[in-house]
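The report below takes up the cysteine pairs first and then turns to the cores, the pockets and a few single residues. It is meant to be read with the structure in view.

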Amino acid sequence: MRVVLLVLALLVSVAAPASAGEHPPKWELKPTGVTAQFRGLSAVSARVAWVSGTQGTVLRTTDGGATWKSVGPPGTETLQFRDIEAFDADHAVTLSIGPGTDSRVYRTDDGGAHWRLAFQNTDAAAFYDCLAFFDPWRGLAMSDPVDGHFRVQATFDGGRSWRQVPDSGFPPALPGEAGFAASGQCITTSGPFDAWLATGGGTTARVLHSGDGGRHWTASGTPLPSSPSAGVFALAFRSPSQGVAIGGDFASPDAPGPAVALTRDRGRTWTTPGQYPAGYRSGLAWRGGTVLAVGPGGSDLSPDGGRHWTRFDDGSFDSVDCAGAGCWASGVQGRVARLSR
């Protein structure tokens, strides 16, 4: 969304309340040596992760965050890379956001030593927010609505080429409805065919679902607040049936909520849990049966799929991602951390 350019600066403090029977988790900061804001994050393992952000910055670590290498595409210092999807230590796709030609997709096959411009938007009315992959070959990139429908590009060759999904497969967008380029998680996938888009800005914060790989979509309302600065900011699914939506109002990050909704029917219906994080959250990830949520006001976890939440850190992060035993978070002022116990 064009208005999601808010810069949030918060003091970092760590609080780790004990959970029954185990040591509490905590974020272990991994200094990057840069001050870019990292809204793009892709965890490959506990040792390999990629982050992307402002000033055309892309970093990669292969040693658990002990060292970081700057591997961004050359000549992109004016771009904001709001999303990155990595397949391993060498192969990754990153998305820059912005109006017109600023919305681009780049791919690397050699750890960022070289990049290829795979897609550059030419429609002044389009504004791409995020991307996601079903597997190393098939993926989707989401734009705000154009001519009353959300616009999605699809790839079938790992992000090397893209083609537009026909508008006829989408329900009409609501007036003012759009996506939020806040954490690279306004689109997500689960399994070989299911995908979801997160929205806000209209009369209702909605989730659009496709069960056929992105060709056809249906929309469902959520109980999250919706305004030009509020809606669903991130989606995460443990399976095609079980998912969590999170968000709130980034212009009022301390508003009490509710800003979480749960589904167990592929996103057809969404319900508010009885207990939820206080305030705006922009990122979500599953680690086994536990859900992690992050935002400028802190980090929370839910051990029961989103029904109950505990805050375990007060520092600011924008995005979170897990792969196997490796969970990472990223945010303002070059902040990147790995979850440890």
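Cysteine 130 and cysteine 186 are joined in a disulfide, with 1.8 Å between their sulfur atoms, in what is a predicted model. This pair ties together distant parts of the chain, since cysteine 130 belongs to strand 10 (residues 128–133), while cysteine 186 sits in the loop between strand 13 (163–164) and strand 14 (187–190), 56 residues apart. The torsion about the S-S bond of cysteine 130 and cysteine 186 is about -110°, so this disulfide is left-handed. Cysteine 130 has a relative accessible area of 0% and is therefore buried, and cysteine 186, at 0% relative accessibility, likewise counts as buried.

A disulfide also joins cysteine 322 to cysteine 327, with an S to S distance of 2.1 Å. Its torsion about the S-S bond is about 110°, so the disulfide of cysteine 322 and cysteine 327 is right-handed, and both of these cysteines are buried. The count of disulfides comes to two, and with bonded cysteines counted along the chain their pattern is 1-2, 3-4.

**Overall form**

The secondary structure of the chain consists of 27 strands and zero helices. The radius of gyration of the chain is 18 Å, close to the 20 Å that the globule rule gives for 341 residues, so the chain is as compact as a globular protein of that length. Taken along the principal axes, the C-alpha atoms fill a box of roughly 50 × 45 × 35 Å. Of the 341 residues, 59% count as buried.

**Nonpolar cores**

The largest nonpolar core has 28 residues, and those with the most contacts inside it are Leu140, Phe170, Leu197 and Leu235. At least two residues of this core come from each of strand 10, strand 11 (139–146), strand 12 (149–155), strand 15 (194–198), strand 16 (206–210) and strand 18 (230–237). The element that gives the most to this core is strand 15, with four residues. Separate from it is a second core of 15 residues, which includes Val93, Val105, Leu131 and Ala181.

**Pockets**

Which residues lie nearest the centre of the largest pocket? They are Glu85, Thr188, Thr189, Asp321 and Cys322, out of 33 residues that line this pocket. Cys322 is thus a residue of the pocket lining as well as a partner of cysteine 327 in a disulfide. Two or more lining residues of the largest pocket come from each of strand 2 (40–43), strand 6 (80–86), strand 10, strand 14, strand 18, strand 21 (283–287) and strand 25 (319–323). Strand 10 is therefore an element that holds cysteine 130 and also gives residues to this lining.

In the second largest pocket, the residues nearest the centre are Ala154, Phe156, Gly213, Gly214 and Arg215. Strand 11, strand 12 and strand 13 each give at least two residues to the lining of this second pocket. Strand 11 and strand 12 are also among the elements that supply the largest core. The volumes and linings of the two pockets are set out below.

| Pocket | Volume | Lining residues | Lining by class |
|---|---|---|---|
| Largest pocket | about 740 Å³ | 33 residues | 20 nonpolar, nine polar and four charged residues |
| Second largest pocket | about 220 Å³ | 16 residues | seven nonpolar, five polar and four charged residues |

**Single residues in loops**

Leucine 224 is placed in the loop between strand 17 (218–221) and strand 18. With a relative accessible area of 5%, leucine 224 is buried. From C-alpha to C-alpha, leucine 224 and glycine 247 are 7.3 Å apart in space, although 23 residues separate them in sequence.

Arginine 266 has a phi near 70°, a positive value in a residue other than glycine. The loop that holds arginine 266 runs between strand 20 (260–263) and strand 21. Is arginine 266 buried or partly exposed? Its relative accessible area is 30%, so arginine 266 is partly exposed.

Glutamine 333 is not a glycine either, yet its phi is positive, at about 50°. Glutamine 333 lies in the loop between strand 26 (326–330) and strand 27 (336–340). At 55% relative accessibility, glutamine 333 counts as exposed, because the cut-off for that class is over 50%.

Notes. Residues numbered from 1 in each chain as written. Predicted model: local features only at pLDDT ≥ 70, side-chain atom pairs only at ≥ 80, totals over all residues. Heavy atoms only, no water. Disulfide = S-S within 2.5 Å. Buried < 20%, exposed > 50% of the residue type's maximum accessible area, 1.4 Å probe, protein only. Core = buried A, V, L, I, M, F, W, Y, C linked by side-chain atoms within 4.5 Å. 1 Å grid on protein atoms, 1.4 Å probe; cavity = no way out; pocket = protein on both sides within 12 Å on 5 of 7 lines; lining within 4 Å. Points joined across faces, edges and corners; volume = space filled by probe spheres on them. Nonpolar A, V, L, I, M, F, W, Y, C, P; charged D, E, K, R; others polar. Rg over C-alpha atoms; globule rule 2.2 N^0.38 Å.
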